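Dear colleague,

Please find below the structure that I am handing over to you. My findings follow it, beginning with the pocket.

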Amino acid sequence: VRAAPAGRRSRGAAADRGTSPRLPGAARSAARARPAAARPRPHRRKRRAGGSSRRTPIQESAEAAVPLVAEPIAMNTASLAHLLYVVGSMCLGVGLCVLGVLCFFLPHTAAEMYGLPLQAECSAPARQDEAWVLATGFRDLFLGIITLALYLTQPQAMRVYTSCLVPLPLADALLALAYQAEPLAVATHLGGTFGVLVLAIAARCDPALDSAGKGRSA
């Protein structure tokens, strides 16, 4: 029996094994030159690319917790500013009215509280010195009335009013210090300066004044 050629035997063996014969050199080079986009990508890579865009439970919980923490802080700040504004305005208005009345009826006590005590009541210069106490009493009384009037009728104007009022107790502290007043009296004036400054900041930060101004303008 004549033996089959070698080429035929190799092709037959390849067909028996279920594999395709080797491609010629031109076909192999064309397959290698195929663009990467045309080549099929493994299914595993698609899963990884799709899974990378997902958010982890920790990230989702952190993003959900940010507004829950920011909103109470903003609400607490607004509530604190409104509380300081209301309490500070009432204390300032009533306190100035009380000081004004005190200067009229007890000028010596008011002068000691200011830091510049008067002389003996029986002497003539003492009566002349009472003039500045009475003038201070008029100032404090009308400032207290203006404070209460603005607080009740024009609350938005308290922002400008309290800011302009800050230098007044500071000037009283400097005058008391210049005339060698007692340290307690100077500290009292400085405390009043700090109180008015806090009231001015609270009036600036109180959102209720914005809504009050819009309601009156409407």
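Helix 4 makes the greatest contribution to the lining of the largest pocket, giving nine residues. Please bear in mind that this is a predicted model.

**The largest pocket**

The space within the largest pocket comes to about 680 Å³. Its lining is made up of 30 residues, and those closest to the centre are Leu 96, Leu 99, Pro 169, Thr 188 and Gly 192. Two or more lining residues come from each of helix 4 (57-105), helix 5 (107-114), helix 6 (124-153), helix 8 (167-178) and helix 9 (183-205). Sorted by class, the lining holds 19 nonpolar residues, eight polar residues and three charged residues.

**Overall architecture**

The protein has 10 helices and zero strands, and its pattern along the sequence reads α-α-α-α-α-α-α-α-α-α. It consists of 218 residues, of which 25% count as buried. If one takes the contacts between residues at least 6 apart in sequence, 66% of them join residues at least 24 apart.

**Nonpolar cores**

In soluble globular proteins, nonpolar side chains tend to be buried together. The largest nonpolar core here contains 16 residues, and the members that touch the most others are Tyr 85, Leu 92, Leu 143, Met 158, Tyr 161, Leu 165 and Val 196. At least two residues of this core are supplied by each of helix 4, helix 6, helix 7 (158-165) and helix 9. Helix 9 provides the largest share, with five residues. Apart from this core lies another, of six residues, including Leu 102, Ala 110, Leu 118 and Val 133.

Leu 92 may serve as an example from the largest core. Once neighbours within four places in sequence are left aside, Leu 92 is in contact with Thr 147, Leu 165, Val 196 and Leu 199.

**Individual residues**

Three residues may be of interest to you in their own right.

Thr 193 has its place in helix 9. Is Thr 193 buried or exposed? With a relative accessible area of 12%, Thr 193 falls under the 20% limit and is therefore classed as buried. The side chain of Thr 193 reaches the backbone nitrogen of Leu 170 at 3.1 Å. Not counting residues up to four places away in sequence, Thr 193 touches Val 166, Pro 169 and Leu 170. Of these, Pro 169 was named above among the residues closest to the centre of the largest pocket.

Pro 183 is also found in helix 9. Its relative accessible area is 67%, which is over the 50% limit, so Pro 183 is classed as exposed. Pro 183 and Gly 115 are 68 residues apart in sequence, and their C-alpha atoms are 8.5 Å apart in space.

Ala 149 belongs to helix 6. Ala 149 has a relative accessible area of 37%; because this value lies between the 20% and 50% limits, the residue is classed as partly exposed. Between Ala 149 and Gly 93 there is a separation of 56 residues in sequence and of 8.9 Å in space, C-alpha to C-alpha.

**Points to keep in view**

Helix 9 recurs in these findings: this helix gives two or more residues to the lining of the largest pocket, and the largest share of the largest nonpolar core also comes from helix 9. Helix 4 likewise appears in both places, giving the most residues to the pocket lining and at least two residues to the core.

With kind regards

Methods:
Residues are numbered from 1 along each chain as its sequence is written. This is a predicted model: local features need pLDDT of at least 70, side-chain atom pairs count only at pLDDT 80 or more; totals for chains, interfaces and linings use all residues. Side-chain values use heavy atoms; hydrogens and water are left out. On a 1 Å grid over the protein atoms alone, a cavity is a set of points where a 1.4 Å probe fits but cannot get out, and a pocket is an open set with protein on both sides within 12 Å along at least five of seven lines; lining residues have an atom within 4 Å of a point. Grid points are joined across faces, edges and corners, and a volume is the space filled by probe spheres set on the points. Helices (H or I, at least four residues) and strands (E, at least two) are DSSP runs, numbered from the N terminus. Ala, Val, Leu, Ile, Met, Phe, Trp, Tyr, Cys and Pro count as nonpolar, Asp, Glu, Lys and Arg as charged, and the others, Gly among them, as polar. Buried means under 20% relative accessible area, exposed over 50%, partly exposed in between (1.4 Å probe, protein chains only). A polar contact is a pair of N or O atoms within 3.5 Å; within protein, one must be able to donate a hydrogen and the other to accept it, and residues adjacent in sequence count only if both atoms are side-chain atoms. Contact means heavy atoms within 4.5 Å. A nonpolar core is a set of buried Ala, Val, Leu, Ile, Met, Phe, Trp, Tyr and Cys residues joined through side-chain atoms within 4.5 Å.
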